Amino acid sequence: MEKQILRHDKQCRICGSSSITTVLKLKDTPLEDQFVRQSQKNIPQPVYPLELAICEDCGYVHLPYIVSPEVSYTDYVYVSSVTVGLRNHFDVYAEEIVSAYAFPNNSLIVDLGSNDGSMLASFKRLGLRVVGVEPAKAIATQATASGLPTINDFFTNEVASQIVQDFGQANVITANYMYANIDDVLGFTKAVSKLLAANGIFVVQTGYHPEQMKIKMFDYIYHEHFSYFTVEVLKNIFSSNGLELIHAAKTSPKGGSVRIVGQLKNGPRPIDSSVDELIHEEHTNNMRSVMTYLSYANEINKAKKELIDLLQTLKASGKRIVGFGASHSTTTLIYNFELEAFMEYLVDDNKLKQGKYSPGYHLPVYSIEKLYEDKPDYLLILAWQHGGSIMQRHKAFLSLGGKFLIPLPNLKVINDD
Ligand SMILES: [Zn+2]
């Protein structure tokens, strides 16, 4: 494992203010997606501080402790086409954008953090020219080989210039679930404004922190996730980098997301009322108040206590418990709810995780078949955000007499009767 660099920011990365207050202090955690091989399982993994802080001047909610992103990306194995249903989702998304903003054939779309190019493929089918930017080498090479030109790099000013030179200005720039994972979000956004054509739009889909808080989804806090956005903060980031926010809408993925659209300052489109409406809602919900986060921390602690009480009772009566889910979020959940001693092992559908060991505690990860051979009494659904579809796919576990435990937002036990 590489040497990691830990940085502690004492100034706001958006506005430079020093009025930074920690609002949620979680347990020190290893890099949450660093599942290790058997040969590494006797080597202890380092842990790093994990906190959420707010800038009292601009309301930016963020991690003040940053582990070097190049390191976090080294073992990056997520490939979007692995996830069932995404292709259809991207087709719908591409059609919505092309028809809502009336881009003619041959317009250029650049996807930042393009992964294996699944989304670009949807735009290509609609007649657009496509370019991807993707830091993970193997994935970028594979995308280029499949006819979706992909630059293997992080998106920077230099990369923006290179694209302008080779392909021209972009009519559409997209960033799907990666904007919150950028350390230098100001520099990144500045580079977007350089690449954007005069009539172009910049579309960002990202987790929407106010909605995710409502369902106690604190386990979306992990070291690769630097920013926890509100529309107000997004609007400020855009306007300090040559862009203006013209549309904002809540969407459902990942426990609550937001889709925002920007253009160059004083661009051709009017600013939609949705922008101010969502900012108004954020103010009404006191998203900038430290008190809001203190009561959030209380709710999380209450949920933890309830779950631990139940798990202790089950253990005392000899019940066997197994966890479902091997991801960033489940590592945060296991560490902060102190679940490691209750579970014998984890299961997950992701083949890349099977045969590995969980970060830090080194719980083994098996394929889901193990569940049906081994027949434990309870399956604790750590990936509770996907609880509905997991239970749907594994109804057979209930018929065997097994029970599901859903830890959040409210503790639930689900059995066959
Ligand atoms: Zn600030």
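Contact here means heavy atoms within 4.5 Å. In this predicted model, His225 touches Leu63, Ala180, Asn181 and Tyr220, leaving aside residues up to four places away in sequence. His225 lies in the loop between α7 (209-214) and β11 (227-228). Its relative accessible area is 10%, and the limit for a buried residue is under 20%, so His225 counts as buried.

## Overall form

The protein has 14 helices and 19 strands. Its radius of gyration is 22 Å, close to the 22 Å that the globule rule gives for 417 residues, so the protein is as compact as a globular protein of that length. Along the principal axes, the C-alpha trace spans about 65 × 50 × 45 Å.

Of the 417 residues, 54% count as buried. The protein exposes about 17,800 Å², and carbon and sulfur atoms supply 52% of that area. Among contacts between residues at least 6 apart in sequence, 68% join residues at least 24 apart. As for charge, there are 39 positive and 45 negative side chains, and the centres of the two sets lie 3 Å apart.

## The nonpolar cores

The largest nonpolar core holds 59 residues, of which Phe218, Ile221, Phe337, Leu339, Met343 and Leu380 touch the most other members. Helix α10 (residues 290-316) gives the most to this core, with 9 residues.

What does Leu380 touch, not counting residues up to four places away in sequence? The contacts of Leu380 include Leu307 and Leu311. They also include Ile321, Val322, Gly323 and Phe324, along with Leu339, Met343, Leu405 and Pro407. A second, separate core has 45 residues, among them Leu108, Leu112, Ile237 and Val258.

## Helix α3

Helix α3 covers residues 118-125, and 6 of its 8 residues are buried, so this helix is largely enclosed by the rest of the structure. The buried residues are Ser118, Met119, Leu120, Ala121, Ser122 and Phe123. After α3 comes Gly127, whose phi is positive, near 95°.

## Backbone angles in loops

Most residues other than glycine have a negative phi, and most peptide bonds are trans. Three places in loops depart from this pattern, and the table gives their angles.

| Place | Angle |
|---|---|
| Tyr177 | phi near 50° |
| Asn266 | phi about 60° |
| Leu408 to Pro409 | omega near -5° |

Tyr177 lies in the loop between β9 (170-176) and α6 (185-195), and its phi is positive although the residue is not a glycine. Is Tyr177 buried, partly exposed or exposed? Tyr177 has a relative accessible area of 26%, which makes it partly exposed.

Asn266 is another residue other than glycine with a positive phi. It is found in the loop between β13 (257-264) and α9 (274-284). The relative accessibility of Asn266 is 73%, and the limit for an exposed residue is over 50%, so Asn266 counts as exposed.

The peptide bond from Leu408 to Pro409 is cis. Pro409 is found in the loop between β18 (403-406) and β19 (412-414).

Definitions and conventions: Residues numbered from 1 in each chain as written. Predicted model: local features only at pLDDT ≥ 70, side-chain atom pairs only at ≥ 80, totals over all residues. Heavy atoms only, no water. Core = buried A, V, L, I, M, F, W, Y, C linked by side-chain atoms within 4.5 Å. Buried < 20%, exposed > 50% of the residue type's maximum accessible area, 1.4 Å probe, protein only. Helix = DSSP H or I, 4+ residues; strand = E, 2+ residues; numbered from the N terminus. Rg over C-alpha atoms; globule rule 2.2 N^0.38 Å. Areas by Shrake-Rupley, 256 points an atom, 1.4 Å probe, with all protein chains shown as cover. Lys, Arg positive; Asp, Glu negative; His and termini not counted. Charge placed at Lys NZ, Arg CZ, Asp CG, Glu CD.
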